[in-house]
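Colleague: Before we talk about this protein, could you put its sequence and structure in front of me and then explain how each label is earned?

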Amino acid sequence: MMLHRNGATAAASRASGLATNADFRRPVAVVVIALLLAVLAPLWINSERIYKTTIRQSDVQAVAEHWASEG
(Lines give C-alpha, C1' and ligand atoms only; values in the text may rest on other atoms or scores of the structure.)
Protein backbone atom coordinates (compact mmCIF):
# COMPACT_ATOMS: atom_id res chain seq x y z
CA MET A 1 0.00 0.00 0.00
CA MET A 2 2.77 2.40 0.92
CA LEU A 3 4.53 1.98 -2.42
CA HIS A 4 1.32 2.64 -4.28
CA ARG A 5 0.63 5.75 -2.23
CA ASN A 6 4.18 7.04 -2.78
CA GLY A 7 3.82 6.40 -6.49
CA ALA A 8 0.56 8.29 -6.51
CA THR A 9 2.14 11.11 -4.53
CA ALA A 10 5.06 11.29 -6.97
CA ALA A 11 2.67 11.35 -9.92
CA ALA A 12 0.66 14.12 -8.26
CA SER A 13 3.87 16.07 -7.57
CA ARG A 14 4.92 15.82 -11.20
CA ALA A 15 1.48 16.87 -12.34
CA SER A 16 1.60 19.92 -10.09
CA GLY A 17 5.12 20.83 -11.22
CA LEU A 18 6.93 19.91 -7.99
CA ALA A 19 10.24 18.10 -8.32
CA THR A 20 10.76 14.67 -6.77
CA ASN A 21 13.95 12.92 -5.66
CA ALA A 22 13.95 10.92 -8.88
CA ASP A 23 14.14 14.16 -10.85
CA PHE A 24 17.46 15.06 -9.18
CA ARG A 25 19.23 11.70 -9.42
CA ARG A 26 20.51 11.99 -12.98
CA PRO A 27 22.01 15.52 -12.69
CA VAL A 28 23.62 14.60 -9.37
CA ALA A 29 25.14 11.48 -10.92
CA VAL A 30 26.50 13.52 -13.83
CA VAL A 31 28.05 16.06 -11.47
CA VAL A 32 29.61 13.33 -9.31
CA ILE A 33 31.09 11.60 -12.36
CA ALA A 34 32.43 14.90 -13.71
CA LEU A 35 34.06 15.72 -10.37
CA LEU A 36 35.60 12.27 -10.15
CA LEU A 37 37.06 12.67 -13.62
CA ALA A 38 38.33 16.13 -12.75
CA VAL A 39 40.24 14.63 -9.82
CA LEU A 40 41.29 11.28 -11.28
CA ALA A 41 42.54 12.49 -14.67
CA PRO A 42 45.37 14.70 -13.30
CA LEU A 43 46.31 12.02 -10.76
CA TRP A 44 46.57 9.44 -13.53
CA ILE A 45 48.63 11.75 -15.75
CA ASN A 46 51.00 12.63 -12.91
CA SER A 47 51.42 9.01 -11.87
CA GLU A 48 52.35 8.10 -15.46
CA ARG A 49 54.90 10.92 -15.51
CA ILE A 50 56.37 9.88 -12.15
CA TYR A 51 56.58 6.25 -13.30
CA LYS A 52 58.45 7.20 -16.48
CA THR A 53 60.80 9.50 -14.56
CA THR A 54 61.55 6.78 -12.01
CA ILE A 55 62.36 4.26 -14.75
CA ARG A 56 64.61 6.79 -16.50
CA GLN A 57 66.43 7.64 -13.25
CA SER A 58 67.02 3.98 -12.42
CA ASP A 59 68.43 3.39 -15.92
CA VAL A 60 70.76 6.38 -15.62
CA GLN A 61 71.82 5.33 -12.12
CA ALA A 62 72.65 1.81 -13.33
CA VAL A 63 74.80 3.22 -16.15
CA ALA A 64 76.52 5.69 -13.79
CA GLU A 65 77.29 2.97 -11.24
CA HIS A 66 78.67 0.73 -13.97
CA TRP A 67 80.83 3.57 -15.30
CA ALA A 68 82.05 4.52 -11.80
CA SER A 69 83.02 0.94 -10.90
CA GLU A 70 85.18 0.59 -14.05
CA GLY A 71 87.26 3.68 -13.31
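**Labels and their reasons**

Modeller: In this predicted model, the side chains of Glu70 and His66 are joined by a polar contact of 2.8 Å.

Colleague: What makes the pairing of Glu70 and His66 a polar contact?

Modeller: The cut-off for a pair of N or O atoms is 3.5 Å, and the side chains of Glu70 and His66 are joined at 2.8 Å, so the distance falls within that limit.

Colleague: Where is Glu70 found, and why is Glu70 called exposed?

Modeller: Glu70 is found in helix 2, and because exposed means over 50% relative accessible area, its 56% places Glu70 in that class.

Colleague: Why does Leu43 count as exposed?

Modeller: Leu43, which lies in helix 2, residues 21–70, has a relative accessible area of 53%, and since the class begins over 50%, Leu43 is therefore exposed.

Colleague: Which residues make the nonpolar surface patch?

Modeller: Leu43 makes that patch of about 660 Å² together with Phe24, Val28, Val32, Leu36, Val39 and Leu40.

Colleague: How many helices and strands does the protein have?

Modeller: The protein has 2 helices and 0 strands, and of its 71 residues 3% count as buried.

Notes
Residues numbered from 1 in each chain as written. Predicted model: local features only at pLDDT ≥ 70, side-chain atom pairs only at ≥ 80, totals over all residues. Heavy atoms only, no water. Helix = DSSP H or I, 4+ residues; strand = E, 2+ residues; numbered from the N terminus. Buried < 20%, exposed > 50% of the residue type's maximum accessible area, 1.4 Å probe, protein only. Patch = residues over 30% accessible without salt bridge, like charges linked within 9 Å, V, L, I, M, F, W, Y side chains within 5 Å. Areas by Shrake-Rupley, 256 points an atom, 1.4 Å probe, with all protein chains shown as cover. Salt bridge = Lys/Arg side-chain N within 4 Å of Asp/Glu carboxyl O. Polar contact = N/O pair within 3.5 Å; in protein donor to acceptor, adjacent residues only side chain to side chain.
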